[in-house]
Amino acid sequence: MALNSDKSLQCGVCSSSITSPKLLSCLHSFCQTCLSDQDGSHVITCPTCHQPTEKAEVKDNKLLSDLQSKLDILRQICRGGDLSCSCCNALAGSMCFECEKFLCQKCFEAHQVFIAKDSHSVESLESLKVMSSQEFLATARKKRQPYCPDHDKQTISIFCRTCAKSICTTCTVLMHKPPDHEYRDIKQEAQEQKDNLHKMCTKLCKKEDAFEDILKKLLNLKGDHQSRKKELEEQIKVSVNEAMRKVEQKGEDLLKELEGIYKGMDAKMSKKVLHMEDVQKRIEGSKDLVENIIKYATDEEVTELQKFVKSSLQQLQRSKPGNADALDFTVEFKKTDMEQLNLLGSLVVHKDMATGTNLEASCIAASTLNKIKRERQDDEDIKPGTSLASVLPPKRPYTPFLEKPGVGPASLNALPPNVGQQIDDSLLDYNDDECEETQSGTSDMLNSGDENDGDMSASQSPLNSSFFKPNLNIETCTLVFFDLMTTGQEQAPDIIQLSAISQDKTFEVSILPPQQIEVRVNAVQTKTRTEALTAFLAFLRTLVQPTILAGHNIWKNNCRILCRHLDELGLKDQLQELVSGFLDTESLARDNLKYKEIKKFSQQDLAKVLLKKTYPAHNTLAAVRNLQELYQSLRPAQEKHLFSLVQLEAHISLQPLVLAMAVTKPSAQTLAQQGISFETMKRAYQEDPKKGLKHLLRHLHNELGPNRLSTTIRHTQAFFIKARALEMGNSIH
């Protein structure tokens, strides 16, 4: 018989029988001494399930304490020794559960005479020895009569519902008088409560099964992740060894090639040196012979030798020493501009959406450099002294423009005088007063219908707002505040510092500029552009999706700069995958503060007015923290304050039309909000030069206004006519 087999009677800390048990709100019980190490706190944390319980809510577990005392009695009985009578110290043979006393035969007979009317339950010790602990506890608890603590020898038989207290019959007369108190038979009340508890426990068991299933899945996932981790470790080690092997092989090839270069040139030089020495010897010999002829030869000897000697001298005179510099050469070793740390790749965490939970994630190795760089370096024999950039594809231009080279806004004014005279110059009349237009309500216009939509071509169909504007609830998205520091205001500035914050996560990096500059930046780790931007994308991957990048005036500046650099490195698609939209806090401020007397909306001015703080101009991380705090004072943000990468690229593509004054800046803004790019307008014009643009833009009647819409169409048509004329003129010349 195992008396300690029931874990509910054991302390979860010391694993022994509970002494002075304390019941926590999670329904776990522990020894009072085992919880004493948490006396200094007003909250007690359960050592088993870690649920906190206020100290005031901790209760004495009287049930468990009584069960422990009953088990102590059973242990005494089961030890097998002789037990003494609790009354006369004679050999005991029975036990009264009501009196909790061991009785000998004589005392048992007297006990039965004196308390016969009280119906005390007495059991022989032999019958108790064969009972299990559960049977003994059930017998001891059920056969004992509960007595009222307020009235002597009165058994508890009633439950007062008003006071939620167990009482005796005397209590109903003296303290719990009807009708102020409602009570019922305690056995019925207890049975009803047991039934309710049983139902709750049954439901809990069903939920326990669900938790058990999830626990098994999590444990399996944990095991799978460990296995996957080992696989990835092996892959990385193999990749490292392979990279080292290739690097060592490349080094050996370079050394062999270097040896071959110098060996070949040394052979040529040696041959040339030998020839020069031979010529010098012939000259010395000729000089000696001529000198001897002049000094010692007779006239007859002179006339006989002169022809032969002159022939040899003339041959030597025709010899030319050549140019020694022609054999001079220089061999340089140019290190590849590929960054060695990125040769292997990086780790990308993907969330497994198929399981319906965010707990599952798997790590896969994904290359972050342009694949063609590695393939061409591995597969082609790159000679020493050849820059890697010369064998790689050129950088892709970020800003789209006309397909034909040389066709730009500036060149449209340089048309030959005899070309394109059929163009009506009145189409290019421009009036800045016509720029007044509204930019609100764009999403409503995007969804408006038209009975002729079925006849439109692909380039002329109305655009779907959900594709161009992120359909997101900003409050449930992960906001990432970011800021850049660049080399200046030139057309294509370089990034020298990038910082971002999302809740309690921070990212900060300094980037090596292509040229040495003097600029005040924080002393943080400096990386190359590829390393820094790859690390920034890795930081975004650690965040919960969907993610929104937030910054101040990023529509005009930072977003364009960041996207251009990512595009040049072939990483822009990764940004589009990781970021669901962009939030410009300047647009948010202009909208939410339009009724306040604020005229300047730069971050510096807003921080001064709203936060009463100075803007940290030379510290991007501090500037991002400042922006994060500023956003809290500008909330709430709405969907109309967001823009997508598609809209940004559409706006960039429209700049040729803006520079050529075919489209005003506000009109370009409206077109970009609808996702209408330069190429979209160009295709519409090419498909139908007369009505294509009108058909494409007809849904923007309210946004642009009738006059602005008509002017935009006419000027854009004129732009494409001139571009076509310029193309024809170039082909003629």
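This passage walks through a predicted model of one protein chain, from its overall make-up to a few local features.

The chain as a whole offers a good starting point. Its 733 residues include a buried share of 35%, and its secondary structure amounts to 25 helices and 20 strands. The accessible surface is about 45100 Å², and carbon and sulfur atoms account for 52% of that area. Of the contacts between residues at least 6 apart in sequence, 61% link residues that are at least 24 apart.

Turning to the N-terminal part of the numbering, the UniProt record, an unreviewed entry, assigns the feature "domain: RING-type" to residues 11-50. In the model, this span is 0% helix and 22% strand, and the C-alpha atoms at its two ends are 15 Å apart. An open sheet of three strands is also found, arranged in the order E2-E1-E5 with antiparallel pairing. Its edges are formed by strand E2 (29-31) and strand E5 (59-60), each of which pairs on one side only. Strand E1 (residues 21-23) is connected to E2 by three bridges, and the two run antiparallel. Within this pairing, Leu 23 lies opposite Ser 29 of E2. As a general point, the strands of a sheet pair through backbone hydrogen bonds, in either a parallel or an antiparallel manner.

A further set of strands can be followed around E15. All eight of the eight residues in strand E15 (residues 495-502) are buried, so this strand is largely enclosed by the rest of the structure. Buried here stands for under 20% relative accessible area. Strand E14 (residues 478-486) runs antiparallel to E15 and is joined to it by six bridges; here Met 485 faces Gln 497 of E15. Six bridges also connect E15 with strand E16 (residues 505-511), again in an antiparallel arrangement. In that pairing, Leu 498 has Val 509 of E16 as its bridge partner. The hairpin of E15 and E16 has two residues between the strands, and Gln 503 in this hairpin adopts a positive phi near 55 degrees.

The surface has a feature of its own to look for. Leu 255, Leu 258, Ile 261 and Tyr 262 make up a nonpolar patch there, together contributing about 340 Å² of accessible area. One of these residues, Leu 255, belongs to helix H6 (residues 186-296). Leu 255 counts as exposed because its relative accessibility is 59%, where the cut-off for exposed is over 50%.

Conventions
Residues numbered from 1 in each chain as written. Predicted model: local features only at pLDDT ≥ 70, side-chain atom pairs only at ≥ 80, totals over all residues. Heavy atoms only, no water. Patch = residues over 30% accessible without salt bridge, like charges linked within 9 Å, V, L, I, M, F, W, Y side chains within 5 Å. Areas by Shrake-Rupley, 256 points an atom, 1.4 Å probe, with all protein chains shown as cover. Salt bridge = Lys/Arg side-chain N within 4 Å of Asp/Glu carboxyl O. Helix = DSSP H or I, 4+ residues; strand = E, 2+ residues; numbered from the N terminus. Buried < 20%, exposed > 50% of the residue type's maximum accessible area, 1.4 Å probe, protein only. UniProt positions renumbered as here; feature names shortened; annotations may be inferred. Contact = heavy atoms within 4.5 Å. Pairing = 2+ DSSP bridges.
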